[in-house]
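Got the viewer open? Let's walk through this one stop at a time, picking something to select and then looking at what is there.

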Protein chains: 2
Amino acid sequence: MERRRKVPNPLALAVLAWLLWEPMHPYELGRRLKQSGQDRQIHYTRSSLYMVMEQLTRAGFVAPQETVRDSARPERTVYAITDEGRHEVHDWLRTLLAQPRQEYPHFAVALSLLSLLPPDEAVEVLRRRSAALAGQIEETRTTVAEARADGLAWIYLVEEEYTIALLEAERRFVADLIESLKQPDYARSWQETMGDRT
Amino acid sequence: MERRRKVPNPLALAVLAWLLWEPMHPYELGRRLKQSGQDRQIHYTRSSLYMVMEQLTRAGFVAPQETVRDSARPERTVYAITDEGRHEVHDWLRTLLAQPRQEYPHFAVALSLLSLLPPDEAVEVLRRRSAALAGQIEETRTTVAEARADGLAWIYLVEEEYTIALLEAERRFVADLIESLKQPDYARSWQETMGDRT
DNA sequence: GGGGTCATGTAATAGGTTACATGATTCT
DNA sequence: AGAATCATGTAACCTATTACATGACCCC
């Protein structure tokens, strides 16, 4: 049902999208990703840029256009998007938007093991999380406000709004969870079930 | 500040947690993970179980205890957790709970490129997402209700509640976004900026 | 003009996924 | 008994990350 993308790494999508605009070499791509703030949504390293360019080339989504040797810097290969590449961006983007895919946040794994910690310890660490979340929310809000003050339209900040929405939901969840863990019946039943451990 | 874990894969945490209970061989681990529903929070394949066992062994968190050859099945190696392993579980779990880590949901990447789609197309795909989200929420609720009917305590379902909280936040976000995209000024400004493309 | 640090890329290594293998067991 | 499927593991292959390399520019 979900046929595999030839280059599934999301970095590849961003790269293709930039090449829609104009041909570029990998290092330049990196600069744009950083400047546009997309590095906050995409996990990558400089090396992975070279890797995906290679993969995209093999897949036929981009093609090396020319190799510039500007006689100082190392040789830079400039890549251009192909027609298949253009098709891939459009199709992939639609799919990504239309179909939620199972994500695996680390916090969920930790939650599934929460019963291992004594109740008061659990409350303590979750309080720390809550504070950290508040900080991240604040930070993201600031980023958005600054960009907007610079005249950037809301549509180019929508991914940050999404981030904020998720962070706030998590903060509320954690607050509720802390309350539940503080109930004396929880402490009691935890003692009963987990009391017998070294 | 954040020293790297020797075995950063979250599957390793779940494995260690199960071994706290009793020594096991990898295949058995797989069965437990599936039966306990942790496979909904952790991304892994059967092979990666063998891999992490190897990594955990190298790291000194587990040790092969005995190799059972029950003269029918292939040889199975039973692993036991070590003291360092016990320490690692506890420390890792606390860290994971206390410190939010940057996650990279695919949807955020797609959102950052939303401006590439014509407004009506964007609305259409987001509506499909919204419906899919509603389905997932419903499904998760059912899972929780069934488990609870079986007598499972809330603390063992807390990760599912978290999933639900995130899904609902996303659904609300998408609903709002759709409304924004339907505004006629958005269609107008999209035409102006993006009208000039093939 | 030697010490950072940009700019740019390659190579080595570790991690993870897919494909393959093989002897039970169970079904019809 | 042959087909399907379970139980279990290994090997081959990609992917991604870390480490290494190298020439310019820039700063006192």
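Start where the two protein chains meet. Select both of them and you'll find 22 residue pairs in polar contact across the interface of chain A and chain B, with both residues at pLDDT 80 or more. (A polar contact is a pair of N or O atoms within 3.5 Å; within protein, one must be able to donate a hydrogen and the other to accept it, and residues adjacent in sequence count only if both atoms are side-chain atoms.) Now colour the side of chain A that touches chain B: helix 1 (10-21), helix 4 (83-98), helix 5 (106-112), helix 6 (119-149) and helix 7 (158-182) each supply at least two residues. Helices here are DSSP runs of H or I with at least four residues, strands are E runs of at least two, and both are numbered from the N terminus. Helix 7 of chain A gives the most to that side, with 13 residues.

Before going on, a word on the ground rules. This is a predicted model, where local features need pLDDT of at least 70 and side-chain atom pairs count only at pLDDT 80 or more, while totals for chains, interfaces and linings use all residues. Residues are numbered from 1 along each chain as its sequence is written, chains are lettered from A and ligands numbered from 1 in the order in which they are written, and side-chain values use heavy atoms, with hydrogens and water left out.

Next, zoom in on Arg94(B) and Glu121(A). They form a salt bridge, with the closest N and O atoms 2.8 Å apart; the interface of chain A and chain B has four salt bridges. (That means a side-chain nitrogen of Lys or Arg within 4 Å of a carboxyl oxygen of Asp or Glu.)

How do chain A and chain B relate to each other? A turn of 180° and a shift of 0.0 Å along the axis lay chain A on chain B with an RMSD of 0.0 Å, superposed by least squares on the C-alpha atoms of residues with pLDDT of at least 70 in both. That is the relation of a two-fold axis.

Now select DNA strand C. It is surrounded by 20 residues, and the closest are Tyr27(A), Arg46(A), Tyr50(A), Arg76(A) and Ser47(B); a residue counts as near if one of its heavy atoms lies within 4 Å. Of the strand C atoms that come within 4 Å of the protein, sugar and phosphate account for 58%. Click on Arg46(A): a polar side-chain atom there lies 2.6 Å from a base nitrogen of DNA strand C. Over at Tyr50(A), a polar side-chain atom is 2.5 Å from a phosphate oxygen of this strand. Which helix gives the most to the surface near DNA strand C? Helix 3 of chain B, with five residues.

Last stop: DNA strand D, with 18 residues around it. Among the closest are Tyr27(B), Arg46(B) and Glu75(B). Pick Arg31(B), where an N or O atom of the side chain is 2.8 Å from a phosphate oxygen of strand D. Then hop to chain A: an N or O atom in the side chain of Arg58(A) is 3.4 Å from a phosphate oxygen of strand D. Finish on helix 3 of chain A, which gives the largest share of the surface near DNA strand D, four residues.
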